[in-house]
Amino acid sequence: MGMSSDNVKGLVLAVSSSVFIGSSFIIKKKGLMKAGSTGTRAGSGGHSYLYEPWWWAGMIAMIVGEIANFAAYAFAPAILVTPLGALSIIFSSVLAHFILKEKLHIFGVLGCVLCVVGSTTIVLHAPHERDIESVRQVWHLATEPGFLVYAGIVILLVLVLIFYYVPRNGRTHMIVYIGICSLMGSLTVMCVKAVSIALKLTFEGNNQFKYFQAWFFTIVVVVCCILQINYLNKIRETWDVRTNRDLVRSSPITKQTRPRTLRFANQIVDGCVPDLFFLCHKPESSDSASHLAALVSTRNPTGRGKEKVDSAFSKKKALDTFNTAVVSPVYYVMFTSLTILASMIMFKDWDSQNGSQIATELCGFVTILSGTFLLHKTKDMGNTPALPLPAAELTRHLSNCGHDNSRHSSRNASPDRNFRE
């Protein structure tokens, strides 16, 4: 099926959006790194990055990308625009490889190829955009029984998640927050499409904001975006902290630990380890932090040192230090799937297509999902940094102390006496 001129415009805008957004992550991170080399890092509570031109360049690139993505919905169906958001991952991964010297593993390259293949498949078989001459036509589509039922189910599910599951399972099951964001996101995209169409027609000389429907869609977009931002922040905060705690709690605990080793570990924990660690190691990766916390945990079965190290590291993490290896692909899958479903119900994108074309688009979508998961799950492969010198010395010291004292206790003392000591 040949692509219409509107689909081509939407494709160009969607790809441009991915380029700008993917680049913005790298540019902002470069700005954060430069700011951290001359002042207090953002991960340690500093705001020196606000004086860094690179950071502002990245922010401008992100804004331009979001505007391009917004405009893309005015020309192309959501089934074409939304899945192409995965291309931003490719651009950020490739730029990180060349600019930030973050090695792109062979599985990462395979993930990029899968995303490109899936995107190409969807682009070549995407349905044509429906001809819409007024925002009132979009309102008519949104008030048809099928979409009203979908919207009602979405709102009901969101309310149940917010008022019942968030207080009980919000901090233990990431699907709760992701479900809220994905469900509301599908409605947001439909309203964004309505607003973007209204703006396009207005710029063409046919003012659409004289109709209340355009303002209604605009208000819904603002409310839904605020709600999603709130719960996306909760996802990042909760699951970043839980990731570090799970790594600490899963570490083995040494059965025989001498008091001298415990006293030394507690002195390190109560004193300078958190500050020394952040002075000597980049906070972009939490691997060494988790390793150090797990190390102290193995020498301290009381749990005191473990919780203090965990708390210290968690409190020092900020915008440039959160874990998205699991959250991002799961959110992408749910958000994109629900958006395509909502678009299919409201705009009836698949009415003009046969089964073969629909199946091909679904295969392309699954290919993109596979590439996205592969990129996220292997993005740190081969990039795990070595422990900094103070942490390495702590490792050797604790190991030597534990080894020497274990031999001493097994040779000269009874278990009861060891416990009393």
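The following exchange goes through a predicted model and asks what backs each label.

Colleague: What makes E52 and K34 a salt bridge?

Modeller: The distance does. Their side chains meet at 3.9 Å, N to O. The cut-off is within 4 Å, so the pair qualifies.

Colleague: Which parts does this pair tie together?

Modeller: E52 sits in the loop between α1 (5-38) and α2 (53-72), and K34 sits in helix α1, so the bridge links parts 18 residues apart in sequence.

Colleague: Is E52 buried or exposed, and how do you know?

Modeller: Buried. E52 has 11% relative accessibility, and buried means under 20%.

Colleague: And what is K34 called?

Modeller: Partly exposed, because K34 is at 37% relative accessibility. That class runs between the 20% and 50% limits.

Colleague: How many salt bridges does the structure hold?

Modeller: There are 2. E144 and K348 form one of them, with the closest N and O atoms 2.6 Å apart. That value is also within 4 Å, so the name applies.

Colleague: Why can such side chains pair at all?

Modeller: Opposite charges can pair when the charged atoms come close.

Colleague: What does the pair of E144 and K348 tie together?

Modeller: Two loops. E144 lies in the one between α6 and α7, K348 in the one between α14 and α15, so parts 204 residues apart in sequence are tied together.

Colleague: Why are E144 and K348 called partly exposed?

Modeller: E144 has a relative accessible area of 22%. K348 has 26%. Partly exposed lies between 20% and 50%, so both get that label.

Colleague: What is notable about phi of K348?

Modeller: Phi of K348 is near 55 degrees, a positive value in a residue other than glycine. Most residues other than glycine have a negative phi. K348 is found in the loop between α14 (327-346) and α15 (355-377).

Colleague: Now the surface. Which residues form the nonpolar patch?

Modeller: I106, F107, V109, L110, V113 and V117 form it. Together they have about 510 Å² of accessible area.

Colleague: How do you know that V109 and L110 are accessible enough for a patch?

Modeller: Patch residues need over 30% relative accessible area. V109 has 36% and counts as partly exposed. L110 has 42% and is partly exposed too. Both values pass the cut-off, so both residues are accessible enough.

Colleague: Where do V109 and L110 lie?

Modeller: V109 lies in helix α5 (residues 106-125). L110 lies in helix α5 as well.

Colleague: What lies across from L110 in space but far along the chain?

Modeller: Take G371. L110 and G371 are 261 residues apart in sequence and 7.2 Å apart, C-alpha to C-alpha. V113 and G371 are separated by 7.3 Å between C-alpha atoms, with their positions 258 residues apart along the chain.

Colleague: Where is G371, and why is it called buried?

Modeller: G371 lies in helix α15. Its relative accessibility is 0%, under the 20% limit, so the label is buried.

Colleague: Why is I132 called buried?

Modeller: I132 is at 12% relative accessibility, and the limit is under 20%. I132 lies in the loop between α5 and α6. I132 and A74 are 9.8 Å apart, C-alpha to C-alpha, and 58 residues apart in sequence.

Colleague: What about F25, and why its class?

Modeller: F25 is partly exposed because its relative accessibility is 40%, between 20% and 50%. F25 is in helix α1. F25 and S93 are 68 residues apart in sequence and 9.7 Å apart in space, C-alpha to C-alpha.

Colleague: Last, the second largest pocket. What is its volume, and what lines it?

Modeller: The volume is about 340 Å³. The lining has 18 residues. A151, I155, L187, F216 and V220 lie nearest the centre.

Colleague: What makes that lining nonpolar in character?

Modeller: The class counts. The lining has 17 nonpolar residues, 1 polar and no charged. Ala, Ile, Leu, Phe and Val count as nonpolar, so the five residues nearest the centre are in that class.

Colleague: Which helices each supply at least two residues of the lining?

Modeller: α6 (135-142), α7 (145-169), α8 (174-203) and α9 (212-249) do.

Note on methods: Residues numbered from 1 in each chain as written. Predicted model: local features only at pLDDT ≥ 70, side-chain atom pairs only at ≥ 80, totals over all residues. Heavy atoms only, no water. Patch = residues over 30% accessible without salt bridge, like charges linked within 9 Å, V, L, I, M, F, W, Y side chains within 5 Å. Areas by Shrake-Rupley, 256 points an atom, 1.4 Å probe, with all protein chains shown as cover. Helix = DSSP H or I, 4+ residues; strand = E, 2+ residues; numbered from the N terminus. Buried < 20%, exposed > 50% of the residue type's maximum accessible area, 1.4 Å probe, protein only. 1 Å grid on protein atoms, 1.4 Å probe; cavity = no way out; pocket = protein on both sides within 12 Å on 5 of 7 lines; lining within 4 Å. Points joined across faces, edges and corners; volume = space filled by probe spheres on them.
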